[in-house]
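Here are my notes on the chain you sent over. Have it open while you read, and skip around as you like.

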Amino acid sequence: MKLWGGRFTKETNRLVDAFNASISFDRRLYRQDIRGSIAHVTMLARQQILTDHEKEDIIAGLSGILADLDDGSLTIDESCEDIHSFVEATLIERVGDVGKKLHTGRSRNDQVALDMKLYVRDEVSELSGLVKQLLETLLSTMKEHTETYMPGFTHLQKAQPLTLAHHLGAYFEMFSRDQGRLSDIFRRMNYCPLGAGALAGTTYPLDRAYTAQLLDFEGPTLNSMDSVSDRDYLIELLSAMSTIMMHLSRFSEEIIIWNSNEYQFVELDDAYSTGSSIMPQKKNPDIAELVRGKTGRVYGALMSLLTTMKGLPLAYNKDMQEDKEMTFDAIDTTKHCLLLFTGMLSTARFKKDRMKKSAANGFTNATDAADYLVNHGVPFRDAHGIVGQLVLYCIEKNIALEDMTLEEFKDISPVFEQDIYEAISLKTCVEKRITMGAPGKEAMEQVIRQYETYLNQLES
């Protein structure tokens, strides 16, 4: 059944029907479509546009359709143009002509705008929950590794020593910002477009505020044209998911590097790894690699919708139908990546000895050697040059700074004394960094307490 055939004198071409139809992908909106329709007829009866008896018949019919779709006893007919047409046709088939009153005071334009907002609102809540699970996993791992020393990197070169807790804390910060973005999107999008009609409202005395209340919105949208043509909330969500995926991809890249034979910082659980069909020794970080790869897929959805929307005049245009498939796919992709990455991280085993050895062998304590000289009256620029000579000497001898004898230290600068060894130990290098946000244990424990408070507030 078409909802718009009255002024047409011939059937549309079959290819046009197939090209125009959206039911193959908007079928997933059936729960939101039915929920919106129930709220709509409830409001219509309250406004005496429908009788209470008509309302009860329609709601009973809609509730039955929902139950039958949920349990699989009713199958969506994909010959219908869209999910709205299917629900309405099925309703009329079940309750008779009273079902034809369902669409009073409503257009498919505001109907689909509502369906997408209801759907996306639920998905934003699910995404927030998955990000929170990842944050909890990060925090739990951080607590275990406040004294797990490792090299910190710049330019993928070993730079200064820090702890695994500190390194993971950087990702906690990233994902907590992602959590904030999702909260902002929910708050900003939570206004109800139903009642905007096709673009100019309706002559029926609708109570849009009541409809919004029934559907748990903050209130009705305030411009009917924007109500049906707004896709900002989808662009915001795709942008937020792109950022989430970027953070997951950066983390995945590090997991892949750390998992390599050259680093051996981490052992991934067998449940989150795969093997090779030809090389029996292989254990591949496929989950991390797939997360890294799927990031481009979510980016593509964002760029696609931005491009779709960039030249559209007000109000609704059929181009906007293209918002759904890409958004659905990006949401599914991001949710799956969050779920699997969290599982991979929670079961990973970090190799403390290997990480500590890597930090010790990479001159990560060179800056601390320079600071030692500064604290003994040497200007920093001179100290920088002296330690550069130390590093060059160690490279030629294939030793670490802490392997040098005191005599060797003094040959390069007589300022060095026995306490240089304590000053450049990994523990000292890390623990004396006590400023807020630094890797020292005292500073890290303070930050961990703040993260615990933050997560507890998310629960309330």
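1. Helices (H or I, at least four residues) and strands (E, at least two) are DSSP runs, numbered from the N terminus. Asp178 sits in helix α7, residues 164–189. One caution early on: this is a predicted model, where local features need pLDDT of at least 70, side-chain atom pairs count only at pLDDT 80 or more, and totals for chains, interfaces and linings use all residues. Residues are numbered from 1 along each chain as its sequence is written, and side-chain values use heavy atoms, with hydrogens and water left out.

2. Overall shape. The chain has 19 helices and four strands. Its radius of gyration is 30 Å, well over the 23 Å that the globule rule gives for 460 residues, so the chain is more spread out than a compact globule. (That radius is taken over C-alpha atoms, and the rule is 2.2 Å times the number of residues to the power 0.38.) Along the principal axes, the C-alpha atoms fill a box of roughly 100 × 50 × 40 Å.

3. Inside and outside. Of the 460 residues, 49% are buried; buried means under 20% relative accessible area, exposed over 50%, partly exposed in between (1.4 Å probe, protein chains only). Take contact to mean heavy atoms within 4.5 Å. Among contacts between residues at least 6 apart in sequence, 75% join residues at least 24 apart.

4. Back to Asp178. Is this residue buried or exposed? Its relative accessibility is 1%, so Asp178 counts as buried. Not counting residues up to four places away in sequence, Asp178 touches Thr243, Ile244 and His247.

5. Helix α10 (232–259). This helix is mostly covered, with 20 of its 28 residues buried. Its end C-alpha atoms are 40 Å apart, which agrees with the 40 Å that 28 residues should span at 1.5 Å a residue. (The expected span is 1.5 Å times one less than the number of residues.)

6. Helix α11. For the 24 residues of α11 (286–309), the expected span is 34 Å and the end C-alpha atoms are 35 Å apart, which agrees. The buried residues of α11 include Ile287, Val291, Val298, Leu302 and Met309. What do they pack against? The partners are α9 (224–229), α10 and α12 (323–347).

7. Two buried strand residues. Thr163 belongs to strand β2, residues 157–163, and counts as buried at 0% relative accessibility. Leaving aside neighbours within four places in sequence, Thr163 is in contact with residues including His145, Tyr149, Val430 and Pro439. Val266, in strand β3 (266–267), counts as buried at 2%. With the same neighbours left aside, the contacts of Val266 include Ile255, Trp258, Arg349 and Phe350. The C-alpha atoms of Val266 and Thr453 are 29 Å apart, with these positions 187 residues apart along the chain.

8. Backbone spots to look at. A cis peptide bond joins Leu314 and Ala315, with omega about 5°; Ala315 is in the loop between α11 and α12. His155, in the loop between β1 (149–154) and β2, has a positive phi near 60° despite being a residue other than glycine. His155 is exposed, at 76% relative accessible area. Asn398 also has a positive phi near 60°. Asn398 lies in the loop between α15 (380–397) and α16 (406–412) and counts as exposed at 71%.
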